[in-house]
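Student: Please show me the structure, and then we can go through it by question and answer.

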Amino acid sequence: MEQTCTCRRRQLGNAINSLATWISSCVTILNITCQNRFSQLIVLCLLTICLEIDYDRSSQEIKRLSFTGEISLPFILEGIVTTLNRDGSINIAPMGPIVELGHDELRNEELEHKTEIRRFLFRPFQDSQTCRNLLATKQGVFHLSDDVLLFARAITKQLTGEELPLTPAKTIEGKIISNACQWHEFRIVSCNTDSIRAELEAEVLHQGGRGCFLGFNRAKNAIIETAILATRLHLLEKDFLQQELERFRTIIEKTGGDRECEAFGLLTNFISAYREDES
Ligand SMILES: Cc1cc2nc3c(=O)[nH]c(=O)nc-3n(C[C@H](O)[C@H](O)[C@H](O)COP(=O)(O)O)c2cc1C
């Protein structure tokens with residue numbers, strides 16, 4: 001329900017953006033180009049046709065992103081991607097791809113359905129190592145983990161791979177973090193590098209896991225949010241960042257365990273170091 005609302009809000013946001021862009025384009029173009037009413041009318045008609053095309057394109061975009069052909073929810077899952085660097089070493093980074101789920105009927109009295117991930121749409125920034133590696137090798141492994149310390153260590157660049165239990169992937173050239181809850185070996189089937197965030201569609205070739213997901217917790221969620229903030233420091237107002245960190249600190253102190261506290265410490269040190277370098 002909440003996801004449907006988010007989707008509708010997003011679609012409404014897109015529509016308002018398109019309309020605002022259209023109005024401001026109309027005003028500018030009419031002012032610059034047209035001296036009389038007749039030519040203003042012609043230009044207005046042309047702009048309306050463009051808006052139709054643009055609207056159609058953005059709804060196609062939503063359809064394409066949601067894989068299913070329906071205008072439905074693009075669902076994002078936060079996880080960790082391992083890829084191989086050119087020299088064969090491993091790169092480990094948090095990524096939030098859009099996922100397509102499949103539902104397989106199981107002949108099992110207790111479980112009627114098994115839900116599994118079939119495809120991903122990764123949207124890595126083109127200046128990230130993950131993007132470079134995925135474009136070069138067309139393969140990787142996506143992991144789900146409830147260990148938020150892993151996210152914090154990846155964001156603060158404290159993971160070389162040596163400190164983790166790694167095993168070779170089965171169907172691709174890559175590495176699995178073998179204590180993750182789930183992993184999905186994938187290969188990239190299409191790439192679009194037209195914008196600053198590449199769009200890389202991937203199909204899952206093989207999946208496995210330890211099935212150890214413990215459950216949700218507010219502190220874990222707050223660490224993921226802090227990790228996201230830590231990757232956007234160049235965009236954030238100092239006061240806003242400080243308020244958010246204080247809010248997350250309270251949640252983590254109330255509901256977190258040792259790993260969440262350690263993760264928060266790593267991230268806040270990383271953020272402070274960035275701020276010091278800046279000033
Ligand atoms: C939960 C989470 C999700 C993220 N999702 C993305 C994403 O979808 N695309 C992206 O470019 N960066 C994403 N980031 C930021 C990258 O992890 C971050 O920029 C990282 O430093 C990239 O590392 P790399 O250069 O080794 O690939 C995410 C970060 C977090 C904490």
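**The ligand shell and the helix contacts**

Tutor: Strand S3 gives the most to the shell around the ligand, with 4 residues. Strands (E, at least two residues) and helices (H or I, at least four) are DSSP runs numbered from the N terminus. This is a predicted model, in which local features need pLDDT of at least 70 and side-chain atom pairs count only at pLDDT 80 or more, while totals for chains, interfaces and linings use all residues. Residues are numbered from 1 along each chain as its sequence is written.

Student: How many residues surround the ligand?

Tutor: A residue is near a molecule if its C-beta atom, placed from the backbone, lies within 6 Å of it. The closest are Ala93, Pro94, Ser128, Thr130 and Ala227, and the full number around the ligand is 18.

Student: Which elements give two or more residues to the shell around the ligand?

Tutor: One of them is a strand, S3 (90–95). The others are helix H3 (129–137), helix H4 (148–155) and helix H5 (218–230).

Student: Between which domains does the ligand lie?

Tutor: Domain bounds here come from an automatic or database domain assignment. Two domains both give residues to the shell, so the ligand lies between domain 2 (75–147 + 156–209) and domain 3 (218–278).

Student: Are H4 and H5 roughly parallel or roughly antiparallel to each other?

Tutor: Axes are lines fitted to C-alpha atoms, for helices over the stretch in contact, and angles run from 0 to 180 degrees between N-to-C directions. The axes of H4 and H5 come within 9 Å and cross at roughly 10 degrees. Angles under 35 degrees count as roughly parallel, over 145 as roughly antiparallel, 65 to 115 as roughly perpendicular and the rest as oblique. H4 and H5 are therefore roughly parallel.

Student: Which residues of H5 make the contact with H4?

Tutor: Two residues are in contact if their C-beta atoms, placed from the backbone, lie within 7 Å. H4 brings Val148, Phe151, Ala152 and Ile155. From H5 come Lys220, Ile223, Ile224, Ala227 and Ala230.

Student: How are H5 and H6 placed, roughly parallel or roughly antiparallel?

Tutor: H5 and helix H6 (residues 238–255) have their axes 8 Å apart and pack at an angle of about 155 degrees. H5 and H6 are therefore roughly antiparallel.

Student: And H6 with H7, roughly parallel or roughly antiparallel?

Tutor: The axes of H6 and helix H7 (residues 258–278) cross at roughly 160 degrees and come within 10 Å. H6 and H7 are therefore roughly antiparallel.
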